Amino acid sequence: ARLYLEKLLPGLEGPLRARCLRLLSQIALGSEPSRVDEAIKLMKDAVAASETPDDMLLDLAQLQLDISDFESARQTYTQLSVSARDVGTMLSGAIAAHNRGLAESALELAQAAFDRVQGTPAEPQIAGFLDQLKALAG
């Protein structure tokens with residue numbers, strides 16, 4: 001699969017290129033031995049190639065955390081809090097950040113999600129989630 005994707009890659013643009021890079025990143029990560037540095041580079045390229053990189057940013061942050069690059073993961077979560085189009089993705093990122101000990105990033109993502117839903121029926125639910133994270137970080 002890797003060789004086929006690598007042959008396709010030069011002719012691809014936009015979302016197809018991003019998807020191919022993401023798949024190559026996953027292949028690099030799943031290889032024996034795992035090629036985490038290559039997987040991170042490919043995922044960064046996928047983020048850059050995508051118009052809607054929300055899920056890829058989550059994947060990138062996870063890869064960065066896997067190698068204990070907490071500062072890069074924080075930066076990726078900040079990018080997600082600013083650019084994410086989907087509130088669910090922001091909340092998933094907040095949970096992942098919290099579970100990995102990045103309380104500040106978790107709060108930043110939860111606050112961004114709350115800001116996005118203010119004035120909608122989802123506001124009370126996201127407010128409750130944000131309050132819980134604040135209490136846990138407190």
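Is Ser-68 buried, exposed or partly exposed? Keep that one in your heads for a minute, and let me show you around first.

Okay, so what we have here is a predicted model. The protein has 138 residues, and its secondary structure comes to eight helices and zero strands. If you read along the sequence, the pattern is just α-α-α-α-α-α-α-α. In terms of extent, the C-alpha trace spans about 50 × 30 × 20 Å along its principal axes. Of the residues, 41% count as buried. And if you take the contacts with a separation of 6 or more, 47% of them come from residues 24 or more positions apart.

Let's start with α2 and α3. Helix α2 covers 14–30 and α3 covers 36–49. Their axes are 8 Å apart, and the packing angle is about 165°. Anything over 145 degrees counts as roughly antiparallel, and therefore α2 and α3 are roughly antiparallel to each other. The crossing is left-handed.

Who's touching whom? On the α2 side you've got, among others, Leu-21, Leu-24, Ala-28 and Leu-29, and they belong to a contact with α3 residues including Val-36, Leu-42, Met-43 and Ala-46. Sorted by class, the α2 and α3 contact has twelve nonpolar, two polar and four charged residues.

Now look at the loop between those two helices, where Ser-31 sits. Ser-31 has a relative accessible area of 15%, and the cut-off for buried is under 20%, so Ser-31 is buried. Its side chain reaches back to the backbone oxygen of Ala-28, at 2.8 Å. You've met Ala-28 already: it's one of the α2 residues in the contact with α3.

Stay in that loop for a second, since Pro-33 is there too. The peptide bond leading from Glu-32 into Pro-33 is cis, with omega near -5°. Just as background, most peptide bonds are trans.

A quick stop on α3, where we find Lys-41. What is Lys-41, buried or exposed? With a relative accessibility of 52%, Lys-41 counts as exposed. Its C-alpha is 14 Å from the C-alpha of Leu-58, which is 17 residues away along the chain.

Leu-58 takes us to the next pair, α4 and α5. Helix α4 runs over residues 54–66 and α5 over residues 70–83, and they pack at about 165° with axes 8 Å apart. That makes α4 roughly antiparallel to α5. Here too, the crossing is left-handed. From α4, the contact includes Leu-57, Leu-58, Ala-61 and Leu-65, and from α5 it includes Phe-70, Ala-73, Tyr-77 and Leu-80. By class, that's nine nonpolar, five polar and one charged residues.

And now back to my opening question. Ser-68 is in the loop between α4 and α5. At 47% relative accessibility, Ser-68 counts as partly exposed. There's something else about this serine: its phi is near 60°, so a positive value, in a residue that isn't glycine. For context, most residues other than glycine have a negative phi.

Helix α4 has another partner, α6, which covers residues 87–99. The axes of α4 and α6 come within 10 Å and cross at roughly 10°. That makes α4 roughly parallel to α6. Here Asp-54, Asp-55 and Leu-58 of α4 meet Thr-89, Ser-92 and Gly-93 of α6. The classes come out as one nonpolar, three polar and two charged. Leu-58 is a nice one to click on, as it's listed in the contact with α5 and also in the contact with α6.

Last stop, Ser-81, over in α5. How accessible is Ser-81? Its relative accessibility is 10%, so Ser-81 counts as buried. A polar atom of its side chain lies 2.7 Å from the backbone oxygen of Thr-78. If you leave aside the neighbours within four places in sequence, Ser-81 is in contact with Met-90, Glu-108, Leu-109 and Ala-112.

So, to wrap up with the three serines: Ser-31 is buried in its loop, Ser-68 is partly exposed, and Ser-81 is buried. That's it from me.

Key
Residues are numbered from 1 along each chain as its sequence is written. This is a predicted model: local features need pLDDT of at least 70, side-chain atom pairs count only at pLDDT 80 or more; totals for chains, interfaces and linings use all residues. Side-chain values use heavy atoms; hydrogens and water are left out. Helices (H or I, at least four residues) and strands (E, at least two) are DSSP runs, numbered from the N terminus. Buried means under 20% relative accessible area, exposed over 50%, partly exposed in between (1.4 Å probe, protein chains only). A polar contact is a pair of N or O atoms within 3.5 Å; within protein, one must be able to donate a hydrogen and the other to accept it, and residues adjacent in sequence count only if both atoms are side-chain atoms. Axes are lines fitted to C-alpha atoms, for helices over the stretch in contact, and angles run from 0 to 180 degrees between N-to-C directions. Angles under 35 degrees count as roughly parallel, over 145 as roughly antiparallel, 65 to 115 as roughly perpendicular and the rest as oblique. A crossing is left-handed if the near helix is turned anticlockwise from the far one by less than a right angle, and right-handed if clockwise. Contact means heavy atoms within 4.5 Å. Ala, Val, Leu, Ile, Met, Phe, Trp, Tyr, Cys and Pro count as nonpolar, Asp, Glu, Lys and Arg as charged, and the others, Gly among them, as polar.
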